[in-house]
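This report introduces one protein structure to a reader who has not met it before. Please look over the sequence and the model first; the text then takes up selected features in turn.

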Amino acid sequence: MPASAIHARGLRRTFGALVAVDGLDLDVAEGEIFGLVGPDGAGKTTTMRMLTGILAPSAGEAHVAGCDVARQREPLKEHIGYMSQRFGLYPDLTVAENIDFYADIYTVPPAERAARTERLLAFSNLTPFKHRLAGNLSGGMKQKLGLACALIHTPRVLFLDEPTNGVDPVSRRDFWRILYQLVRDGVTIFVSTAYLDEAERCNRLALLHQGRLLGLGTPDEIKALMPGALLEFRTDAPRRAAALLREQLRDASVGLFGDRVHVAARDPDAAAVRGRDLLVAAGVAVSSVRPIEPSLEDVFVAVLAQRAATAATP
């Protein structure tokens with residue numbers, strides 16, 4: 001088992017009466033891509049800010065790259081890279097000048113700068129644009145430049161807070177190609193994302209909701225948390241169908257995914273028959289009902305529904 005690049009126990013952060021992160025336990029192995037997944041407000045950014053030493057934990061402890069995040073903040077900076085949601089690129093500086101600026105911040109030796117900069121430019125496919133102002137780059141290219149700046153001091157652990165948020169699908173794919181190369185080079189990557197399809201690319205995941213851990217493991221292990229099995233209903237009125245099934249199938253979890261309705265049920269055969277009968281009786285034409293492999297989004301919706309039902313039980 002590889003050594004832990006990140007080790008956290010009982011990590012907690014409050015803001016007055018608000019509990020943003022509640023008793024988080026995490027272990028991230030060296031050389032893996034670890035995904036922190038959850039909706040807005042789940043506590044992803046707060047967790048990342050604690051692990052990077054920016055925000056002090058209210059309770060608990062964490063070590064990153066062997067450094068105590070609360071007591072060894074300065075040494076920690078030498079070993080980590082951090083790309084926040086609003087990474088501080090300077091639009092009036094060129095691509096190369098931005099990288100050089102961050103090399104100054106991280107006190108990269110002058111003798112090593114040119115070689116590192118050229119390697120990162122080539123690595124991120126930014127060499128043809130190194131003299132372009134950062135303010136004139138596309139969204140995807142800005143993200144690549146932000147990544148290059150975060151890597152200029154060769155960190156052991158890289159933290160990325162929703163790095164592909166708002167980026168087009170092609171640029172997202174290119175960005176992940178770069179991340180895979182970094183892992184091959186021995187960098188540990190801790191990435192938060194709200195894109196559950198993107199989370200499938202991680203070696204392991206933590207599902208976070210309202211500051212609490214809902215699940216932890218590989219994508220397949222997370223999918224195994226699905227209670228029962230998943231059905232896909234295709235109808236001529238998916239929104240109405242979802243509302244009806246949600247109202248009538250109280251022992252199932254119902255989600256609308258585009259023009260299809262997904263139903264997670266402990267007894268899928270009974271749910272398929274009952275669901276079809278309910279919809280047909282309500283005048284909704286059903287073209288097909290079939291079992292399907294759950295996505296991470298399906299699992300997340302189902303686990304949340306299960307937690308809510310458990311909490312509501314006296």
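In which loop is T154 found? T154 is found in the loop between helix 5 and strand 7 (157–161). The structure is a predicted model, and the values below are computed from it.

**Residues with positive phi**

Most residues other than glycine have a negative phi. T154 departs from this pattern, with a phi near 55°, a positive value in a residue other than glycine. T154 has a relative accessible area of 47% and is therefore partly exposed. E162 also has a positive phi, of about 45°, although it is not a glycine. The place of E162 is in the loop between strand 7 and helix 6 (169–184). Because its relative accessibility is 10%, E162 counts as buried.

**Packing of helix 3**

Helix 3 (residues 95–105) and helix 5 (residues 139–151) have axes that come within 8 Å of each other and cross at roughly 30°. Helix 3 is therefore roughly parallel to helix 5, as angles under 35 degrees count as roughly parallel. The crossing in which helix 3 passes helix 5 is right-handed. On the side of helix 3 the contact is made by V95, N98, I99 and Y102, and on the side of helix 5 by L145, A148 and C149. By class, this contact has six nonpolar residues, one polar residue and no charged residues.

Helix 3 also packs with helix 4 (residues 110–123), at an angle of about 130° and with the axes 11 Å apart. That angle makes helix 3 oblique to helix 4. The crossing of helix 3 and helix 4 is right-handed. Here V95, I99, D100, A103 and D104 in helix 3 meet R113, T117 and L121 in helix 4. The residues of this contact divide into four nonpolar, one polar and three charged. V95 and I99 are thus named in the contact with helix 5 and in the contact with helix 4.

**Aromatic pairs**

How many aromatic pairs does a search of the whole structure find? The search finds five aromatic pairs, including the two in the table.

| Pair | Geometry | Centre to centre | Angle between planes |
|---|---|---|---|
| F34 and F190 | stacked | 5.6 Å | 15° |
| Y90 and F101 | edge-to-face | 4.9 Å | 70° |

The pair of F34 and F190 links distant parts of the chain: F34 lies in strand 3 (residues 33–37) and F190 in strand 8 (residues 188–193), 156 residues apart. Are these residues buried or exposed? F34 and F190 are both buried. F34, F159 and F190 form one aromatic cluster.

In the pair of Y90 and F101, Y90 lies in the loop between strand 6 (80–83) and helix 3, while F101 lies in helix 3, 11 residues apart. Y90 counts as partly exposed, because its relative accessibility is 36%. F101 has a relative accessible area of 30% and is likewise partly exposed.

**A residue of helix 10**

The last residue taken up here is V280, which lies in helix 10 (residues 268–281). V280 counts as exposed, because its relative accessibility is 52%. V280 and G228 are 52 residues apart in sequence, and their C-alpha atoms are 24 Å apart in space.

How values were computed: Residues are numbered from 1 along each chain as its sequence is written. This is a predicted model: local features need pLDDT of at least 70, side-chain atom pairs count only at pLDDT 80 or more; totals for chains, interfaces and linings use all residues. Side-chain values use heavy atoms; hydrogens and water are left out. Axes are lines fitted to C-alpha atoms, for helices over the stretch in contact, and angles run from 0 to 180 degrees between N-to-C directions. Helices (H or I, at least four residues) and strands (E, at least two) are DSSP runs, numbered from the N terminus. Angles under 35 degrees count as roughly parallel, over 145 as roughly antiparallel, 65 to 115 as roughly perpendicular and the rest as oblique. A crossing is left-handed if the near helix is turned anticlockwise from the far one by less than a right angle, and right-handed if clockwise. Contact means heavy atoms within 4.5 Å. Ala, Val, Leu, Ile, Met, Phe, Trp, Tyr, Cys and Pro count as nonpolar, Asp, Glu, Lys and Arg as charged, and the others, Gly among them, as polar. Rings of Phe, Tyr and Trp (its six-membered ring) pair if their centres lie within 6.5 Å; planes under 30 degrees apart count as stacked, over 60 as edge-to-face and the rest as tilted. Buried means under 20% relative accessible area, exposed over 50%, partly exposed in between (1.4 Å probe, protein chains only).
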